[in-house]
Amino acid sequence: MKPLEKGHINAKLECPLFGLKLKTGESITIPVLVRNISQKAFDSDPPNGIFVSYKWFTDAGTIGYPDSAFSTPIESPILPGESSRIMTRVKAPGDEGTYLL
């Protein structure tokens, strides 16, 4: 299998949780619905290796703490047009503040 070309990965991500309050550095698992809206299957096996990850944004809109991000593998392939709920590990930033995930 050849690696996916840039632009061939299109997904819609949804999480039903809002307003979470976490302690600094706290790790939790959240449900993320991954909808594959591309033409190729998603999985975490080589050579394509697609994982669910995240970024924290500060009030100013800058990316905060990208080095603390976990990557969660997709355990079963998600075919084009299909969705799968992935239990995704996230870790709160080490500094107190208000962030958008």
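Here are four short exercises on this structure, each with a worked solution.

Before you start, note that this is a predicted model, in which local features need pLDDT of at least 70 and side-chain atom pairs count only at pLDDT 80 or more, while totals for chains, interfaces and linings use all residues. Residues are numbered from 1 along each chain as its sequence is written, and side-chain values use heavy atoms, with hydrogens and water left out.

**Exercise 1. How many helices and how many strands does the protein chain have?**

Step 1. Helices (H or I, at least four residues) and strands (E, at least two) are DSSP runs, numbered from the N terminus.

Step 2. Going by these runs, the protein chain has zero helices and seven strands. Along the sequence the pattern reads β-β-β-β-β-β-β.

Step 3. For the overall dimensions, the C-alpha trace spans about 45 × 25 × 20 Å along its principal axes.

**Exercise 2. Work out in which order β1, β2 and β7 form a sheet**.

Step 1. Two strands pair if DSSP finds at least two bridges between them.

Step 2. Strand β1 (residues 11–14) runs antiparallel to strand β2 (residues 27–36), and four bridges join them. You can find E14 bridged to L33 in β2.

Step 3. Nine bridges link β2 with strand β7 (residues 83–91), again in the antiparallel sense. Here T29 stands opposite R89 in β7, and R35 has S83 as its bridge partner.

Step 4. The order is therefore β1-β2-β7, an open sheet of three strands with antiparallel pairing. β1 and β7 each have a single partner strand and stand at the edges, so one side of each is left without a neighbour in the sheet. Neighbouring strands of this sheet are turned by 35° against each other on average, direction ignored (axes are lines fitted to C-alpha atoms, and angles run from 0 to 180 degrees between N-to-C directions).

**Exercise 3. Which aromatic rings form one cluster?**

Step 1. Rings of Phe, Tyr and Trp (its six-membered ring) pair if their centres lie within 6.5 Å; planes under 30 degrees apart count as stacked, over 60 as edge-to-face and the rest as tilted.

Step 2. This rule gives two aromatic pairs. The ring centres of Y54 and W56 are 6.2 Å apart and the planes meet at 80°, so this pair is edge-to-face. W56 and Y99 are also edge-to-face, with 6.3 Å from centre to centre and 75° between the planes.

Step 3. W56 lies in strand β4 (residues 56–57) and Y99 in the segment after β7, so their pair ties together parts that are 43 residues apart in sequence.

Step 4. Y54, W56 and Y99 thus make up one aromatic cluster.

Step 5. Now check accessibility: buried means under 20% relative accessible area, exposed over 50%, and partly exposed in between (1.4 Å probe, protein chains only). Y54 is buried at 11%, W56 is buried at 7%, and Y99 is partly exposed at 22%. Of the 101 residues of the protein chain, 25% count as buried.

**Exercise 4. Which residues lie nearest the centre of the largest pocket?**

Step 1. On a 1 Å grid over the protein atoms alone, a pocket is an open set of points where a 1.4 Å probe fits, with protein on both sides within 12 Å along at least five of seven lines; lining residues have an atom within 4 Å of a point.

Step 2. The lining of the largest pocket has 36 residues, and I30, K55, W56, L100 and L101 lie nearest its centre. β1, β2, β3 (51–52) and β7 each supply at least two residues of this lining.
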